[in-house]
Amino acid sequence: MENVEGVIDYKHVTFGYDDDKVFDDLNIHIDKGRSVALVGPSGGGKTTICSLLLRFYDVDKGTIKIDGQNIKDLSLQSLRKSIGIVQQDVYLFTGSIKDNIAYGRPGASDEEIIEAAKKAMIHDFIMSLPDQYNTYVGERGTRLSGGQKQRKSIARIFLKDPKILILDEATSALNNESERYVQRSLKALSANRTCITIAHRLSTIRNADEIIVINEEGIKERGTHEELLELNQVYARYYQLQFEGIEDI
């Protein structure tokens, strides 16, 4: 893949794990630079949609295309280089903070690493540490808070600079203060990228260009936050359950 724009198409996709069918004739189109949120109960297939895009699994029928290219015709290295992932469970390895950020793009210069950290709003914290960017990080980042680990993983993606971004429950394990910092970082990261967000906290996806509600039966609803509230069906029920009585979210 070269000069990736980030247009994504799931066309007539059928997929299942052994005899357990997850999708039958799934169709989703995402224009470049647009944001789509996937919501619904656990087991509905939200994470599977993203796993298929990364080719952790291959579709049984149909095609998935990026910029009109069937992802099956692309090398895995080329495909995954074009996609960044921020997950709930951040993987950090033993070594320095600089090494952990550089994992996003091996060979990056110190200046590029620092710039990525600034964009992820973690630079000031790193500079407050005794050894700054050379500070040792224990296995799985045990010396850092959840929010600090998340912002470090976001710095990795800034460094990688992919055109497609997957946010998989990226803030669900954080406290309110940490979530505010991380949300600001994610907002900056998502700008001008095609973004797929998996979320249980509906406050994080109200401004998505399209929200797709998925359950065991497939896609139940799709539209903007306002359109789905007006429809007053599945999404509206989720929203009322989470935010009843809360006016400013």
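Let us start with one pair of neighbours: Ile212 has Arg222 of strand 12 as its bridge partner. The model you are looking at is predicted, and this pair is a handy way into it.

**From one pair to a whole sheet**

Strand 11 (residues 210-215) and strand 12 run antiparallel, with five bridges joining them. Strands in a sheet pair through backbone hydrogen bonds, in either a parallel or an antiparallel manner. Arg222 also takes part in a side-chain contact, since it meets Glu210 in a salt bridge with 3.1 Å from N to O. Arg222 belongs to strand 12 and Glu210 to strand 11, so this pair ties together parts that are 12 residues apart in sequence. With a relative accessible area of 38%, Arg222 is partly exposed.

Now step back to the sheet itself. It is open, has six strands in the order 6-9-10-3-11-12, and its pairing is mixed. Which strands form its edges? They are strand 6 (83-87) and strand 12 (218-223), each of which pairs on one side only. From one strand to the next, the twist averages 15°.

**Helices on the sheet**

Helix 1 (residues 46-53) lies across strand 3 (35-39), strand 6, strand 9 (164-168), strand 10 (194-198) and strand 11. Its direction is at about 145° to strand 10. Helix 6 (residues 146-160) packs on the sheet as well, where it touches strand 6 and strand 9. The direction of helix 6 makes about 175° with that of strand 6.

Is helix 1 mostly buried or exposed? Seven of its eight residues are buried, so helix 1 is largely enclosed by the rest of the structure. The buried residues are Lys46, Thr48, Ile49, Cys50, Ser51, Leu52 and Leu53. Just after helix 1 comes Arg55, with a positive phi of about 60°.

**Strands 1, 2 and 4**

Another set of pairings involves strand 1 (8-17). Strand 1 and strand 2 form a hairpin with two residues between them, and they run antiparallel with seven bridges. Within this pairing, Phe15 has Phe23 in strand 2 as its bridge partner. Strand 1 also pairs with strand 4 in the antiparallel sense, over five bridges. There, Lys11 stands opposite Thr63 of strand 4. Seven of the 10 residues of strand 1 are buried, so this strand is largely enclosed by the rest of the structure.

**Salt bridges**

Side chains of opposite charge can pair when their charged atoms come close. How many salt bridges are there in this model? The count comes to seven. Among them are the following:

| Pair | Distance, N to O |
|---|---|
| Lys32 and Glu5 | 3.0 Å |
| Arg222 and Glu210 | 3.1 Å |
| Lys98 and Asp110 | 3.6 Å |

Lys98 sits in helix 3 (residues 97-102) and Asp110 in helix 4 (residues 110-119), so their pair links parts of the chain that are 12 residues apart. Lys98 is partly exposed at 24% relative accessibility, and Asp110 is partly exposed too, with a relative accessible area of 41%.

The Lys32 and Glu5 pair joins other regions. Lys32 is in the loop between strand 2 (20-30) and strand 3, while Glu5 is in the segment before strand 1, so the pair ties together parts that are 27 residues apart in sequence. Lys32 is partly exposed, with a relative accessible area of 48%, and Glu5 counts as partly exposed at 40%.

**A patch on the surface**

Which residues form a nonpolar patch on the surface? Tyr17, Phe56 and Tyr57 do, and together they have about 290 Å² of accessible area. Tyr57 is found in the loop between helix 1 and strand 4 (61-66). At 37% relative accessibility, Tyr57 counts as partly exposed.

**Residues with positive phi**

Most residues other than glycine have a negative phi. Asp18, in the turn between strand 1 and strand 2, has a positive phi of about 55°. Asp161 has a positive phi near 55° and lies in the loop between helix 6 and strand 9. Asp161 counts as exposed, with 51% relative accessibility, because exposed means over 50%.

Asn232 also has a positive phi, near 60°. Its place is in the loop between helix 8 (225-231) and helix 9 (234-243). Asn232 is partly exposed, with a relative accessible area of 49%.

Conventions:
Residues numbered from 1 in each chain as written. Predicted model: local features only at pLDDT ≥ 70, side-chain atom pairs only at ≥ 80, totals over all residues. Heavy atoms only, no water. Pairing = 2+ DSSP bridges. Helix = DSSP H or I, 4+ residues; strand = E, 2+ residues; numbered from the N terminus. Axes fitted to C-alpha atoms, helices over the stretch in contact; angles between N-to-C directions. Contact = heavy atoms within 4.5 Å. Patch = residues over 30% accessible without salt bridge, like charges linked within 9 Å, V, L, I, M, F, W, Y side chains within 5 Å. Areas by Shrake-Rupley, 256 points an atom, 1.4 Å probe, with all protein chains shown as cover. Salt bridge = Lys/Arg side-chain N within 4 Å of Asp/Glu carboxyl O. Buried < 20%, exposed > 50% of the residue type's maximum accessible area, 1.4 Å probe, protein only.
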